[in-house]
Amino acid sequence: MEIAPSPFIALANTEYFRFEEDFVEENVRCIPMVVRFKMDDACIKLKLSEWSKFSVEERIELAVKPCNTTNEIAAYAAYLVQLIKKYTRNEPSVLEPNPAPDWANTNSFPASMQERLDELGLNITVDQWAALTNLQRFAILKLCKSGHEHKNLPKALKEFDLIV
């Protein structure tokens with residue numbers, strides 16, 4: 001069964017990465033990095049099984065809904081909680097706030113990321129890291145997490161013009 005292209009590809013005013021087209025599990029597109037990034041800010045964990053129940057319009061709303069200021073983050077969290085309860089009748093999983101996420105540090109990157117790069121024989125500089133958007137740094141760190149097969153890490157690094 002072939003999965004249709006993501007509705008996020010051509011979405012205006014939203015960062016969506018080409019490498020994300022490979023993220024399909026159980027015939028369901030995985031949660032885009034832009035939504036995962038905003039969920040972290042809102043301190044709400046969303047399971048793929050929950051995401052799969054949302055309508056395309058609701059998923060797009062989660063991608064485009066602003067989530068920068070304190071009020072926007074609160075509104076985003078409330079909307080996400082409402083969707084989770086609507087479709088699952090469960091309370092959402094709440095995350096601890098991280099006042100200093102690794103992606104926000106533009107002066108260095110975590111040792112775990114360097115380990116993944118070393119494992120793959122890849123190298124980037126701190127200057128290259130600093131030049132990325134917050135979402136790009138967030139995505140790279142997600143792709144470097146232990147337990148992840150890292151197959152999309154080189155694709156992301158190429159897409160972000162960090163390697164050839």
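This text walks through a predicted model, beginning with how its helices pack and ending with its cysteines.

A convenient starting point is helix 1, which spans residues 33-42 and packs against helix 7 at an angle of about 95°, the two axes lying 10 Å apart. Helix 1 and helix 7 are therefore roughly perpendicular to each other. On the side of helix 1, the residues that make this contact are Met33, Val34, Arg36, Phe37 and Asp40, while helix 7 contributes Asn134, Leu135, Phe138, Ala139, Lys142 and Leu143. Sorted by class, the contact of helix 1 with helix 7 holds seven nonpolar residues, one polar residue and three charged residues.

Helix 1 also packs against helix 4, here at an angle of about 105° and with the axes 9 Å apart, which makes helix 1 roughly perpendicular to helix 4. In this contact, Val35, Lys38, Met39, Asp41 and Ala42 of helix 1 meet Ile73, Tyr76, Ala77 and Leu80 of helix 4. The residues of the contact between helix 1 and helix 4 divide into seven nonpolar and two charged, with no polar ones.

From here the path leads to helix 3, residues 56-64, in which the buried residues are Glu58, Arg59, Leu62 and Ala63. Viewed down the axis of helix 3, these buried residues fall within an arc of 145°, so they line one face of the helix. The elements that cover them include helix 1, helix 2 (48-51) and helix 4 (70-88).

In the loop between helix 2 and helix 3 lies Phe54, a residue that counts as buried at 4% relative accessibility. What surrounds Phe54? Leaving aside residues up to four places away in sequence, Phe54 touches Leu46, Arg59, Leu62, Leu80, Leu83, Ile84 and Tyr87. Val126, by contrast, is 72 residues from Phe54 along the chain, and the C-alpha atoms of the two are separated by 38 Å.

Val126 leads on to helix 6 (126-131), which, together with helix 7 (134-144) and helix 8 (153-159), is among the elements that cover the buried residues of helix 5. In helix 5 itself, which runs over residues 111-120, Met113, Arg116 and Leu117 are buried. Why do these three lie on the same side of helix 5? They cover an arc of only 100° around the axis, which puts them there together. On the other side of helix 5, Ala111, Asp118 and Glu119 are exposed. Just after helix 5 comes Gly121, which takes a positive phi of about 70°.

The last stop is the cysteines, among which a search of the whole structure finds zero disulfides. For Cys30, the closest cysteine sulfur is that of Cys144, and at 17 Å from the sulfur of Cys30 it is too far for a bond. Cys30 is buried, with a relative accessible area of 19%, a value that lies under the 20% limit for a buried residue. Cys67 is likewise in no disulfide, the nearest cysteine sulfur being that of Cys43 at 9.4 Å, and Cys67 is buried with a relative accessible area of 4%.

How values were computed:
Residues numbered from 1 in each chain as written. Predicted model: local features only at pLDDT ≥ 70, side-chain atom pairs only at ≥ 80, totals over all residues. Heavy atoms only, no water. Buried < 20%, exposed > 50% of the residue type's maximum accessible area, 1.4 Å probe, protein only. Helix = DSSP H or I, 4+ residues; strand = E, 2+ residues; numbered from the N terminus. Arc of directions from axis to C-beta. Contact = heavy atoms within 4.5 Å. Axes fitted to C-alpha atoms, helices over the stretch in contact; angles between N-to-C directions. Parallel < 35°, antiparallel > 145°, perpendicular 65-115°, else oblique. Nonpolar A, V, L, I, M, F, W, Y, C, P; charged D, E, K, R; others polar. Disulfide = S-S within 2.5 Å.
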